[in-house]
Amino acid sequence: MINYFYQILEVEWLEIKLDSSLCAAIPGFKAGIIHYKGIEVGDSPQMLRGRLQLFQESIYFDLEDQSVTERPGIQEWRQIFKAVGKDPNRYRHAAEALFRRIKKQNYLQPINSAIDLNNFFSLQYEVPIGLYDLDKLSGDIVIRIGASGEEYEGLNGRSNSLENLIISADDNGGFGSPFVDSTKANVIPGTTSALQIIYLRPSLPLDECNALTESLMNMFTQINGGEANFQVLGC
C-alpha cells in the first residue's frame, strides 16, 4: 500500500509529515511545529512559576460555574478523538486532563522551565502540546493514526494502546500523542535540542495558528535561550 503525505516540514536532518489517513479523518487538521536548538533547560524562573500558579487559580474559579467540556478548545478536541475512533470519555486529551486536575484543585507543580511553559500554553490555548528531546528520536517523523497492536509506556505510568489515537512516530514507532506522551523522548535538564508539536484546533484560521505558534516559540526562547524556527503544517 502506498502511503501519501500532505505538507512536509524539513528540519535540518529530518522531515516531519502529516499522513493522508489523518487528513481524511480530520479535514483541516493543523499542527504547529517548532524546532529548538542550543536551549538550556533548568528550574523555572519565579515569573513563570508565579504566572502558572495564578493562571491555574483563575481557571479554578471559572470552572466553579462551568463544565470543563464547555470550554471551546476542550470540546473541539473531544470531537477529534471521537472522529478517529476513541471515546473521549475514556481517553481524555492532555489539555482536558490538565483542566480536570485544576477543577479538583490538584494544581500542577513546577517541573522544569520547558515543561512548565508547555503546560502554561496548553492551558491558555486549550490544546494538547507535546515537547520532545530530538536527540532521543531517530529518523523522520510522521503524525498519523495509531494502528492495532501499537503501544508505548506513557508518562502516566502505564502501557498505553495507540490504536485509533493520533500519534507522532519516528523510525522506532510512536513517541507522542495528544492523549499522553511516552517516556521515550521527555525533555529534562540537559536537553539542548527539542521539537514542540502544538496540536492546533482545526477550526482556527491559519493566520491565528501562525501567530499562536510564533508567540509560544518566542516566549520559550526568552526563558530557555537558544534558537528556533517554526511552521504550521495543515491538511
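Start by selecting I115, and show its neighbours: leaving aside residues up to four places away in sequence, I115 touches L131 and V187. You are now standing in helix 5, where I115 is found. Before you wander off, keep in mind that this is a predicted model.

**Stop 1: I115 in helix 5**

Is I115 buried or exposed? Its relative accessibility is 19%, and buried means under 20%, so I115 counts as buried. Now add Q79 to your selection and draw a distance between the two C-alpha atoms. I115 and Q79 are 36 residues apart in sequence, and the gap in space is 26 Å.

**Stop 2: F120, still in helix 5**

Move along to F120, which also sits in helix 5. F120 has a relative accessibility of 5%, so it counts as buried. Which residues does F120 touch, if you skip those up to four places away in sequence? Light up R51, L52 and F55. Those belong to the stretch 46-62, which is helix 2. Then try another distance, this time to L48: F120 and L48 are 72 residues apart along the chain, yet their C-alpha atoms are separated by 8.7 Å.

**Stop 3: helix 4 against helix 5**

Select helix 4, residues 94-103, together with helix 5, residues 113-125. Turn the view until you can see how they cross. Their axes are 9 Å apart and the packing angle is about 90°, so helix 4 and helix 5 are roughly perpendicular to each other. Show side chains at the crossing. From helix 4 you want A95, L98, F99 and I102, which meet N119, S122 and L123 of helix 5. Sort that contact by residue type and you get five nonpolar, two polar and no charged.

**Stop 4: helix 4 against helix 2**

Keep helix 4 on screen and swap helix 5 for helix 2. How do these two cross? The axes come within 9 Å and make an angle of roughly 80°, so helix 2 and helix 4 are roughly perpendicular as well. On the helix 2 side, pick Q56, I59 and Y60; they meet F99, I102 and K103 in helix 4. This contact divides into four nonpolar residues, one polar and one charged. Look back at F99 and I102 for a moment: they appear in the contact with helix 5 and again in the contact with helix 2.

**Stop 5: helix 6**

Next, select residues 206-224, which make up helix 6. This helix has 19 residues, and from first C-alpha to last it reaches 27 Å, close to the 27 Å expected at 1.5 Å a residue. Colour its buried residues: C209, L212, T213, L216, M217, M219, F220, T221 and N224. What covers them? Among the elements to switch on are strand 3 (30-37), helix 2, helix 5, strand 4 (129-133), strand 10 (193-199) and strand 11 (227-234). Step just past the end of helix 6 and you land on G225, which takes a positive phi of about 70°.

**Stop 6: L204, just ahead of helix 6**

Go back to L204, in the loop between strand 10 and helix 6. L204 has a relative accessible area of 16%, so it is buried even though it is in a loop. Its contacts, not counting residues up to four places away in sequence, are K30, C209 and L212. C209 and L212 are also on the list of buried residues of helix 6. For a long line across the view, join L204 to G42: they are 162 residues apart along the chain, and their C-alpha atoms are separated by 33 Å.

**Stop 7: two unusual backbone angles**

Most residues other than glycine have a negative phi. Now select E126, which is not a glycine but has a positive phi of about 60°. E126 lies in the loop between helix 5 and strand 4, and at 10% relative accessibility it counts as buried. N164 has a positive phi too, near 65°. You will find N164 in the loop between strand 7 (159-161) and strand 8 (166-170); at 29% relative accessibility, N164 counts as partly exposed.

**Last stop: colour by confidence**

Finish by colouring the chain by pLDDT. The average is 93, and 94% of the residues score at least 70. Where is confidence lowest, and where is it highest? Strand 1 (residues 5-11) has the lowest mean, 48, while helix 4 has the highest, at 98. Over residues 1-8, pLDDT stays under 50. Where pLDDT is low, the predicted coordinates should not be read in detail.

Methods
Residues are numbered from 1 along each chain as its sequence is written. Side-chain values use heavy atoms; hydrogens and water are left out. Axes are lines fitted to C-alpha atoms, for helices over the stretch in contact, and angles run from 0 to 180 degrees between N-to-C directions. Helices (H or I, at least four residues) and strands (E, at least two) are DSSP runs, numbered from the N terminus. Angles under 35 degrees count as roughly parallel, over 145 as roughly antiparallel, 65 to 115 as roughly perpendicular and the rest as oblique. Contact means heavy atoms within 4.5 Å. Ala, Val, Leu, Ile, Met, Phe, Trp, Tyr, Cys and Pro count as nonpolar, Asp, Glu, Lys and Arg as charged, and the others, Gly among them, as polar. pLDDT is the predictor's confidence in each residue, from 0 to 100. The expected span of a helix is 1.5 Å times one less than its number of residues. Buried means under 20% relative accessible area, exposed over 50%, partly exposed in between (1.4 Å probe, protein chains only).
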